[in-house]
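Here is a short report on one chain. It covers the domain layout and then two helices.

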Amino acid sequence: MEPHSSPLRPLLERLESLAALDAPGRAIGAKVRGLLSPGAAKDALSGTWIGHALHPLLTDVVIGSWVSASLLDVLGGDDDGTAARRLIAVGIAAYPPTALTGLSDWADSEPADERVRRIGLIHAATNAGALALYAASLAARRRGDHGRGKLLGLAGGATLGAGGYLGAHMSFAQGVGPNQTAFDEGPADWTGAGMAADLPAGAPTRVVVDETPVLLLRRGETIHALHDRCSHRGCSLSAQGEIEGDTITCRCHGSQFALRDGALRRGPATTDQPAYEVRQSDGRVEVRLAPRG
Ligand code: FES
């Protein structure tokens with residue numbers, strides 16, 4: 001272990017290497033993708049309508065409610081236990097939509113790193129364990145067994161913490177969820193992108209402009225230019241994109257963007273695709289990032 005790496009790193013690496021999870025993970029993922037094909041329901045769960053993932057917002061409700069109940073148990077101020085019972089019930093009610101958004105996001109981990117699929121399964125199982133403990137805690141409290149209810153709540157909180165830790169690992173260490181073009185939008189000033197004569201008509205070509213992969217598509221006199229890395233999970237649009245009319249559809253998970261300006265037409269992506277202005281000089285193509293909106 002490196003001197004400054006997390007002491008939890010070895011555990012995470014062991015979990016990430018659990019190949020035994022691959023068969024059930026692939027089967028569940030395929031089932032979820034089959035049930036949630038691209039469209040309105042998938043967009044709703046993905047957060048396409050709010051501009052970023054919906055799952056983290058909903059986890060705040062579940063975690064906030066359950067942790068607040070456990071804090072009341074520990075700190076006092078809820079003598080008859082009514083507030084804690086209500087908070088646990090709120091968390092239980094918020095759990096199904098929260099899990100559904102997470103399941104939808106996780107199913108899109110294909111064809112990404114298999115470590116994401118494995119950690120996601122453990123994250124879900126851990127959170128399901130927290131749900132069971134909080135449900136048992138609520139049942140005990142309703143029977144009047146407050147001591148048992150509090151202990152089960154504390155156990156649920158500890159389990160929830162482990163599940164939350166794995167969720168954060170997926171988001172912040174494994175990079176699941178962020179806009180895949182956020183740190184690399186492309187050149188702000190006019191920059192050479194090759195020769196127009198090298199671009200086949202009607203077929204996308206991938207070029208690299210100042211280290212940014214750019215898709216160029218020549219149609220008659222017009223050349224469209226978009227960031228080649230799909231903002232959803234990073235698939236190459238020139239390799240995985242299907243062009244139809246004025247849109248390009250990423251075959252990885254079905255996100256759809258306007259060729260003209262990269263506007264998001266359909267999720268599960270949640271942000272527009274960076275688009276570029278194009279000009280030609282002596283047969284040379286130059287691009288620069290188009291102004292927003
Ligand atoms: S990578 Fe998911 S739709 Fe493109």
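How far apart do the C-alpha centres of domain 1 and domain 2 lie? They lie 37 Å apart. The chain is divided into domain 1 (9-173) and domain 2 (191-289), with bounds from an automatic or database domain assignment. The contact takes 12 residues from domain 1 and 11 from domain 2; two residues are in contact if their C-beta atoms, placed from the backbone, lie within 7 Å. On the domain 1 side, four of these residues are nonpolar, five polar and three charged. Here Ala, Val, Leu, Ile, Met, Phe, Trp, Tyr, Cys and Pro count as nonpolar, Asp, Glu, Lys and Arg as charged, and the others, Gly among them, as polar.

This is a predicted model: local features need pLDDT of at least 70, side-chain atom pairs count only at pLDDT 80 or more, and totals for chains, interfaces and linings use all residues. Residues are numbered from 1 along each chain as its sequence is written.

Helices are DSSP runs (H or I, at least four residues), numbered from the N terminus. The expected span is 1.5 Å times one less than the number of residues.

| Helix | Residues in helix | Expected span | End C-alpha distance |
|---|---|---|---|
| α5 | 26 residues | 38 Å | 38 Å |
| α6 | 29 residues | 42 Å | 43 Å |

α5 has a kink of about 35 degrees at Y95, shortly before the proline P96. The bend is the angle between axes fitted to the seven residues ending there and the seven starting there. Y95 is also buried, as are G91 and T98, among others in α5. Buried means that 20 or more other C-beta atoms, placed from the backbone, lie within 10 Å of a residue's own. The cover over the buried residues of α5 includes α4 (55-75), α6 (114-142) and α7 (146-173). After α6 comes G144, with a positive phi near 95 degrees.

Technical notes. Helices (H or I, at least four residues) and strands (E, at least two) are DSSP runs, numbered from the N terminus. A residue is buried if 20 or more other C-beta atoms lie within 10 Å of its own, exposed if 12 or fewer, and partly exposed in between; C-beta atoms are placed from the backbone.
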